[in-house]
Amino acid sequence: MSYFLLAVLVMTAVTYFTRAVPFLFFAKRQPPSLLGFLQKYLPLVVMVILVFASYKDIDYGAAPFGIPALVAGAATALLHFWKRNVLLSIVGGTALYMALIRVL
Amino acid sequence: MQDTYFRSGRKWHLGREWHLVLPAAFRASIPVLLGYTTLGLAFGLTLVAAGLPWWLSPVMAVFIFAGAAQFMAIGLLQSGAGLLEIALLTLLLNGRHAVYGLSLLGPFRSAGKWKPYLIFGLTDETYGLLTTVKAPPQVDQTKFFAAVTGLNQSYWVIGCTAGSLVGSALTFDTTGLDFALTALFIVLLVEQIRAVKQWEPYLAAALACVIALAVSPRNFLLVALTIATGILALLRGKIEQRDKPRRDESGGAQESTEAGWPDRRGSAGGGA
């Protein structure tokens, strides 16, 4: 329990810090241009890595060979490219995954 | 007119002002209401499905108030990640917030006692609202901003709490529900793919994934993010060179929403 609370405390402090950075440091001078560059492209990089991380621990050598996660993941992406409805994509993809792991 | 009408008491005057502020703020926040309650619900359900205690969900919603970071934390807490790793990953993931405040430096300057809370509440969605929506004419802008931020957070807290309570009460087999986390990351990735047309950031991320998997699978996220950030910084010149025309467009769009304040955000991206 104290581990969870400490983790929340750390995340609270770091998140608040990131949001306060402009007010703390850049109220009077221009921020370094690297910061602006990174904030533009880091979200993409972070998402690629997080998606990759979600798939890296699956055992692709044994049945069902990661098929539920791969198929449901592809369906989620296609659904989102098509309808662009966050809730629909997440609910649809997750429901498909829950169905597939019970069938395959 | 207000002065003569309401001079009987300051308290009542304040009450009257909030009475004007809250409906306006509520109308402005309706899109976030839908998004936050449903995403919060998904977060609470996923957190409980991952085997974490239900109360973590409302506690995180009240103190952290950051969607992507909270979702990422589920996996980290589940695997018992170290506090330093949690801190660094939160820093990298929420690093984008470090520039949001730039376009709000001016509007927040006169925010007084509300300023710390307004800064705390600068999520992607709140930032989006505060930089596009205007306070009604007879309403104090700071109070309007505070009301929008407070309402947004209340939607998030309600969603997260409801999600974890419903999740703990569910009696049917929820195996596989934690795929919602993967699905969310895929959705956010699709949103990024729509926006980022250069290939270098994708290369940086893919390369970092492969290297991190080979070097340190245990600290995968941290190693991958550090390597990717490094590669990205190295390729900066190349990326920005081809990025120029598009950046000018977005700079123009920003101006119209921020009348009266220099566009600090656009110039931050401009490599000045």
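Q: In chain B, what percentage of the contacts between residues at least 6 apart in sequence join residues at least 24 apart?
A: This is a predicted model: local features need pLDDT of at least 70, side-chain atom pairs count only at pLDDT 80 or more, and totals for chains, interfaces and linings use all residues. Residues are numbered from 1 along each chain as its sequence is written, while chains are lettered from A and ligands numbered from 1 in the order in which they are written. Two residues are in contact if their C-beta atoms, placed from the backbone, lie within 7 Å. For contacts in chain B between residues at least 6 apart, the part that joins residues at least 24 apart is 77%.

Q: How many helices and strands does chain B have?
A: Helices (H or I, at least four residues) and strands (E, at least two) are DSSP runs, numbered from the N terminus. By that count, chain B has zero strands, and its helices number 15.

Q: What percentage of the residues of chain B count as buried?
A: A residue is buried if 20 or more other C-beta atoms lie within 10 Å of its own, exposed if 12 or fewer, and partly exposed in between, with C-beta atoms placed from the backbone. Chain B has 272 residues, and the buried part is 43%.

Q: What distance separates the centres of domain 1 and domain 2 of chain A?
A: Domain bounds come from an automatic or database domain assignment. Domain 1 of chain A covers 1–31, and domain 2 covers 40–104. Taken over C-alpha atoms, their centres are separated by 31 Å.

Q: Which helix gives the most residues to the side of chain B that touches chain A?
A: The contact takes 59 residues from chain A and 72 residues from chain B. With 13 residues, spanning 179–195 as a helix, the leading element of chain B is H11.

Q: How many residues of the side of chain B that touches chain A are nonpolar?
A: Ala, Val, Leu, Ile, Met, Phe, Trp, Tyr, Cys and Pro count as nonpolar, Asp, Glu, Lys and Arg as charged, and the others, Gly among them, as polar. On this side of chain B, three residues are charged, 13 are polar, and the nonpolar ones number 56.

Q: Are H3(A) and H11(B) parallel or oblique to each other?
A: Axes are lines fitted to C-alpha atoms, for helices over the stretch in contact, and angles run from 0 to 180 degrees between N-to-C directions. The axes of H3(A) (residues 67–83) and H11(B) are 9 Å apart, at an angle of about 40 degrees. Angles under 35 degrees count as roughly parallel, over 145 as roughly antiparallel, 65 to 115 as roughly perpendicular and the rest as oblique. H3(A) and H11(B) are therefore oblique.

Q: What is the handedness of the crossing of H3(A) and H11(B)?
A: A crossing is left-handed if the near helix is turned anticlockwise from the far one by less than a right angle, and right-handed if clockwise. The crossing of H3(A) and H11(B) is right-handed.

Q: How many residues are nonpolar in the contact of H3(A) with H11(B)?
A: On H3(A), the residues that meet H11(B) include Ala69(A), Gly73(A) and Phe81(A). On H11(B), Phe179(B), Ile186(B) and Val190(B) are among them. No residue of this contact is charged, four are polar, and the nonpolar count is nine.

Q: Which peptide bond is cis, with omega near 0 degrees?
A: Pro64(A) lies in the loop between helix H2 (33–56) and H3 of chain A. The cis bond leads into this proline, running from Ala63(A) to Pro64(A).

Q: Is Phe65(A) buried or partly exposed?
A: Phe65(A) sits in the loop between H2 and H3 of chain A. Phe65(A) is not a glycine, yet its phi is positive, at about 55 degrees. Because 13 C-beta neighbours lie inside 10 Å, Phe65(A) counts as partly exposed.

Q: Is Phe65(B) buried or exposed?
A: The place of Phe65(B) is the loop between helix H3 (56–63) and helix H4 (67–78) of chain B. Phi of Phe65(B) is positive, near 55 degrees. Because 24 C-beta neighbours lie inside 10 Å, Phe65(B) counts as buried.

Q: Which residues of chain A are in contact with Leu225(B)?
A: Leu225(B) is in helix H13 (residues 220–234) of chain B. With 24 C-beta neighbours inside 10 Å, Leu225(B) counts as buried. Leaving aside neighbours within four places in sequence, Leu225(B) touches Leu89(B) and Leu92(B) of chain B, and, from chain A, Val46(A) and Ile49(A).

Q: How many residues are nonpolar in the contact of H12(B) with H13(B)?
A: H12(B) (residues 200–215) and H13(B) pack at about 140 degrees, with axes 8 Å apart. That angle makes H12(B) oblique to H13(B), and the crossing is right-handed. The contact has no polar and no charged residues, and the nonpolar ones number 17.
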